[in-house]
Amino acid sequence: MRKLFLVFSITILSIPPAFADVVTRYIPNAQIVGSGRLTVLFWDAYDATLYAPTKRYDASKPFALKLTYLTEAAGEDIVTISVDEMRAQGGVSETKLSLWLTEMRQIFPNVQEGDSIVGIYLPQTGVTRFYKNNMMIGALEDREFGKHFFDIWLAENTSEPTLRRQLLGLK
């Protein structure tokens, strides 16, 4: 019993309490894999944190990526940058990107400093769920979308390799 309490306590301490409900609903034994800050030209954009079962990221298993914004950003800018990043990675048709652009415009809101957006990817079903400040804002049911969207941060050919290494705990 004491060992179970210790494991439970460590897990709860690893994930902020309000966020734990959202993540643990979809990811059993979720723990922080790694985290880092995206800075663009001396401008801190957001802090990113990757969560996965037992601290082990595996793209074929559920995981979550949380972005906590350090400045305000327009939803349209978030969508446009996301599509540009997916386009730069290659392997996606312009038709798909256009469809995803339309769908993401319906999901991503404007954010203020301190707001968090969490993306949870469920590869078994191909569903990607999005939460803003722990409230669901939308979902996309497209396995290809989930892969390409999270590859913005996690693929080897990401435009931000330092952040990728931090998220994967490779520092």
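This briefing introduces the structure shown above, topic by topic. The model is predicted, and the chain averages a pLDDT of 90. It holds 6 helices and 6 strands, and 46% of its 171 residues count as buried. After the overall picture come the aromatic rings, the surface and a few loop residues.

**Overall picture**

- Starting at the N terminus, the elements follow the order α-α-β-β-β-α-α-β-β-β-α-α.
- Among contacts between residues at least 6 apart in sequence, 54% join residues at least 24 apart.
- The accessible surface of the chain comes to about 9400 Å², and carbon and sulfur atoms account for 55% of that area.

**Confidence along the chain**

- A pLDDT of at least 70 is reached by 88% of the residues.
- Residues 1-14 deserve some care when you look at the model: pLDDT stays under 50 there, and the model has 4 contacts beyond four places in sequence for this stretch.

**Aromatic rings**

- How many aromatic pairs are there? The count comes to 14.
- One of these pairs joins Tyr57 and Phe63 in an edge-to-face arrangement, with 5.1 Å centre to centre and 75 degrees between the planes.
- The two partners differ in how much they are covered: Tyr57 is partly exposed because its relative accessibility is 27%, between the 20% and 50% cut-offs, while Phe63 is buried because its 2% falls under 20%.
- Phe149 and Trp153 make another pair; their ring centres are 5.2 Å apart and their planes stand at 65 degrees, which is over 60, so this pair is edge-to-face too.
- Both Phe149 and Trp153 belong to helix H5 (residues 143-154), where 4 residues, about one turn of the helix, separate them. Both are buried.
- Tyr57, Phe63, Phe149 and Trp153 are all members of one aromatic cluster. Completing that cluster are Trp100, Phe108, Tyr121, Phe130, Phe145 and Phe150.

**A nonpolar patch on the surface**

- Which residues make the nonpolar surface patch of about 540 Å²? They are Val40, Leu41, Phe42 and Trp43.
- Within this patch, Phe42 sits in the loop between strand E1 (30-40) and E2.
- Phe42 counts as exposed because its relative accessibility of 85% is over 50%.

**Lys61 and its surroundings**

- Lys61 is found in the loop that links strand E2 (43-53) with strand E3 (63-69).
- With a relative accessible area of 47%, Lys61 is partly exposed.
- Leaving aside residues up to four places away in sequence, Lys61 touches Tyr121 and Pro123; Tyr121 is also part of the aromatic cluster.
- Ile27 is 34 residues from Lys61 along the chain, and their C-alpha atoms are separated by 8.8 Å.

**Two asparagines with positive phi**

- Most residues other than glycine have a negative phi, so a positive value is worth a look.
- Asn29 has a positive phi of about 55 degrees. Its place is in the loop between helix H2 (17-26) and E1, and at 53% relative accessible area Asn29 is exposed.
- Asn134 also has a positive phi, near 70 degrees. This residue is in the loop between strand E5 (127-132) and strand E6 (135-141).
- Is Asn134 exposed or partly exposed? With a relative accessible area of 32%, Asn134 is partly exposed, because that value lies between the 20% and 50% cut-offs.

Notes
Residues numbered from 1 in each chain as written. Predicted model: local features only at pLDDT ≥ 70, side-chain atom pairs only at ≥ 80, totals over all residues. Heavy atoms only, no water. Buried < 20%, exposed > 50% of the residue type's maximum accessible area, 1.4 Å probe, protein only. Contact = heavy atoms within 4.5 Å. Patch = residues over 30% accessible without salt bridge, like charges linked within 9 Å, V, L, I, M, F, W, Y side chains within 5 Å. Areas by Shrake-Rupley, 256 points an atom, 1.4 Å probe, with all protein chains shown as cover. Salt bridge = Lys/Arg side-chain N within 4 Å of Asp/Glu carboxyl O. Phe/Tyr/Trp six-rings, centres within 6.5 Å; stacked < 30°, edge-to-face > 60°. pLDDT = per-residue confidence, 0-100.
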